[in-house]
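Biologist: I'd like a close look at one part of this model, and then how the rest of the chain packs. Please walk me through it in plain terms, with the cut-offs spelled out.

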Amino acid sequence: DLITRTIPTIMPTYLTHGAKWLLVLSCAGSALAEAHPPSEETEECEVYVENDLRLAGASPDAGRVEIYHDGKWGTLCGKPSMAIAQVLCPQLGFGRAIGIFTIEPKTPTPNHFSDIHCQGSEKSILSVAIQHGERVLDALTLRLVSTALDPYTPKTNGECGSSSSVIMAPFGQKQTQAFVYKDMIGPWLEGRTKRLDEVMCRDPEANMEAIKTLHQDGLHWNQFGFDFSGASSSSSSSSSSSSSSSSSSSSSPVAGRSLLESRRAQVLRDAYLSSNAKIFWSLDHEHRYPKDLEEMNPAAEAIFRNLSRDGFVRIDDFGLDMDELDKTANWALSQREQKNITVVLDDGACVMARPPIPALESLLTNETVNQAIRGYLGQDSVMHGYKILRLSKRMKGADNYIAADWHHDRAGRRLKLFVFLHDIANEGGRPTEVANGTHNLVYYEFEQYATSRYDDKFIQENFDIHRLGGKRGGGFIFDTNTIHRGSPFGDHKRETIILEYHNNYKCPAIHALGLNVPCPSGDQYMLARKI
């Protein structure tokens, strides 16, 4: 029997309605702390004046808005709107806001002003605040873009004017810090910025309104791509936009599909996506936000729901004959002279074998697994092949193993299933690591390898990381569109069997279009077996 572990819901921390890179700037230089310790810190007495504003929460670009009044700091409260944000941002020393929401203070904080309503043109928030209003809402919280650190400021010209200021700006030169190959990324960012300028300037008012409305209806973005999975069930492609945030509504596949197919979304396609990225948008979105699902048994539905929510699901026991699998793996990994079966890389740091494995038959016909995969990839799903992979003690880092860099597989939505041939520890066991919730990202580009490889420090500091270790005979299923890596560091070898699944039409379409994309992966024992 298949045993599943339900994973608690964890809200992804990787996506925001703002420029996450600003958070990283505050940590620059930490690696040099031991060699260059800071000078002795001296205490200074801070001086505040009546009606000073600040962002609370220890983040330079986001936080709860507080005002200094009657000798103490307190909150501003009201119904969140971008109009309020437009008034607050200049007073806080920022260029513009890219999100506003409400949050309860973690520690008791007095409320100074409530029932705030703005048109957006007021010079001061005090002109619209009601002191100690009877109707007190949660404290207003902003995410801002600093004037000095704006990741992208379009050139103002006679055609576009100031209306070309973009709230979704992932292509600024400072974004190179999020990637491994920074020198290669710089020219790409410059080219994408020019393309963004060109598209937005065709119809500045309409295009800016389209992006703004999608943003309010649940569009999230970061340096690598954007995501509609936060779309609220109350939003639709034909609904009129309001300045109030809809992020508190529940997310919905129907809403996500509605936004993705809306006319507004065409602006996203044209302005932000490369040619190949547009193709993957078309190939994947139908299954990312399905209209209908086949009926599943409870275990299959649990697997499907975890995959849909997090991009991965752990399996405690696949019910396989592990002794038979061990015999096949031990034989195959020793066939160093048979290149059609076994490939040895970097003096044995990585060994891959692709023999036929009869003992996998019970997994290939397991209807619980197959139902979950069909739900995720579509009814016409295939298991393309499998391989045995060993990461040995000789592996020391990404130089030995290309998958040791944080990346996505440049194949869009597809699944890999890992079977553990022995216990794999999360510490020292070289587990696969995933950035939770990144499976629904629509990446800006698929053409260049460099745009799919991400900086370790950046990923560790900005994403919720899960290590997928486990017991012999168990394993996991995950979407390779997720930002992930195979950890190259450990005290022991790691041996797994890896199965690969796609929708049946995807790889033929990719081949017909001549895309340089690994679909399916070429290092497998090929089956192309419909499930």
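**Helix α7 and the packing of the chain**

Modeller: Let's start with helix α7, residues 275-288: at 1.5 Å a residue (times one less than the number of residues), its 14 residues should span 20 Å, and the end C-alpha atoms are 20 Å apart, so the two agree. Keep in mind that this is a predicted model, where local features need pLDDT of at least 70 and side-chain atom pairs 80 or more, while totals for chains, interfaces and linings use all residues. Numbering runs from 1 along each chain as its sequence is written, and side-chain values use heavy atoms, leaving out hydrogens and water.

Helices here are DSSP runs of H or I with at least four residues, strands are E runs of at least two, and both are numbered from the N terminus. The chain has 13 helices and 24 strands. Back on α7, there is a bend of about 30° at S282, taken as the angle between axes fitted to the seven residues ending there and the seven starting there.

α7 is mostly covered, with ten of its 14 residues buried. Buried means under 20% relative accessible area, exposed over 50%, and partly exposed in between (1.4 Å probe, protein chains only). Among the buried ones are F280, W281 and L283, but also K278, D284 and R288. Across the protein chain, buried residues make up 58% of the 531.

Now the cores: a nonpolar core is a set of buried Ala, Val, Leu, Ile, Met, Phe, Trp, Tyr and Cys residues joined through side-chain atoms within 4.5 Å. The largest has 49 residues, and those touching the most other members are M168, F224, F226, L268, Y272, Y444 and I483. α7 is one of the elements giving two or more residues to this core, along with others including α3 (182-200) and α12 (456-462). α3 supplies the largest share, six residues. A second, separate core has 39 residues, including A300 and V369.

Aromatic rings get their own rule: Phe, Tyr and Trp (its six-membered ring) pair if centres lie within 6.5 Å, with planes under 30 degrees apart called stacked, over 60 edge-to-face and the rest tilted. That rule gives 21 aromatic pairs. In one of them, the centres of F224 and F458 are 5.9 Å apart and the planes sit at 80°, so the pair is edge-to-face. F224 lies in the loop between β9 (220-221) and β10 (225-227), while F458 is in α12, 234 residues away. Both F224 and F458 are buried.
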